[in-house]
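Subject: Structure for you to look at

Hello,

Here is the structure I said I would pass on. Please open it next to this message and follow along; my notes come after it.

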Amino acid sequence: MRLIRTAVAALGGLLLAVTLPAGTAVAANGQFLWLGPKAKAYSIQNPPDNKCYDMGQEAHAAHNETKTPLVVYAKKKCKGDATRLAPGQQAPQGAGFQSVIFNPR
């Protein structure tokens, strides 16, 4: 009888874990594209919301191909002059940035 109760409890827990959404982890569906040194193209696929990314090298020509707005910043740690890009919007070709945040709150 104990084995059956344990199996039912484990199965119920598994079923509950599968049916509930996973916390508040939400991603900006799509791609964020930009150009790095020597105009090499870079991208991030489905970046998480409200997380600041610092660029490790020169970055410019940001292109928001996600379904949410983003903000690129002139300085690291999402500080400095900010440029908001709506979904599908592209920053001017020469506009450099050092950090980006997706779907900021």
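The chain has one helix and seven strands. Read from the N terminus, the order is α-β-β-β-β-β-β-β. Please keep in mind that this is a predicted model.

Some overall values come next. The chain has 105 residues, and 30% of them are buried. Its accessible surface is about 7000 Å², and carbon and sulfur atoms contribute 59% of that. Among contacts in the chain with a separation of 6 or more, 57% are between residues 24 or more positions apart.

Now to the strands. β1 covers residues 30-35, and it pairs with β2 in the antiparallel sense through five bridges. One place to see this is Leu 35, whose bridge partner in β2 is Ala 41. The two strands, β1 and β2, make a hairpin, with five residues lying between them. In the turn you will find Lys 38, which has a positive phi of about 60°.

After β2 (41-45) comes a loop that leads to β3 (52-54), and Asp 49 sits in this loop. What is the nearest side chain of opposite charge to Asp 49, and how far away is it? It is Arg 105, at 6.3 Å. A salt bridge needs a side-chain nitrogen of Lys or Arg within 4 Å of a carboxyl oxygen of Asp or Glu, so a pair at a greater distance does not count. Asp 49 is therefore buried but without a salt bridge. The side chain of Asp 49 does have a polar contact with the side chain of Asn 103, at 3.1 Å.

How many salt bridges does a search of the whole structure find? There is one. It joins the side chains of Lys 77 and Asp 54, with 3.8 Å from N to O. The two residues are 23 apart and the pair links distant parts of the chain: Lys 77 belongs to the loop between β5 (70-75) and β6 (79-85), while Asp 54 belongs to strand β3.

Are the two partners buried or exposed? Lys 77 has a relative accessible area of 59%, so this residue is exposed. Asp 54 comes to 32% relative accessibility, so this one counts as partly exposed.

When you go through the model yourself, I suggest looking at the hairpin, then the loop with Asp 49, then the pair of Lys 77 and Asp 54.

Regards

How values were computed:
Residues are numbered from 1 along each chain as its sequence is written. This is a predicted model: local features need pLDDT of at least 70, side-chain atom pairs count only at pLDDT 80 or more; totals for chains, interfaces and linings use all residues. Side-chain values use heavy atoms; hydrogens and water are left out. Helices (H or I, at least four residues) and strands (E, at least two) are DSSP runs, numbered from the N terminus. Buried means under 20% relative accessible area, exposed over 50%, partly exposed in between (1.4 Å probe, protein chains only). Lys and Arg count as positive and Asp and Glu as negative; His and the chain ends are not counted. A polar contact is a pair of N or O atoms within 3.5 Å; within protein, one must be able to donate a hydrogen and the other to accept it, and residues adjacent in sequence count only if both atoms are side-chain atoms. Two strands pair if DSSP finds at least two bridges between them. Contact means heavy atoms within 4.5 Å. Accessible areas come from the Shrake-Rupley method with a 1.4 Å probe; for residues, only the protein chains shown count as cover.
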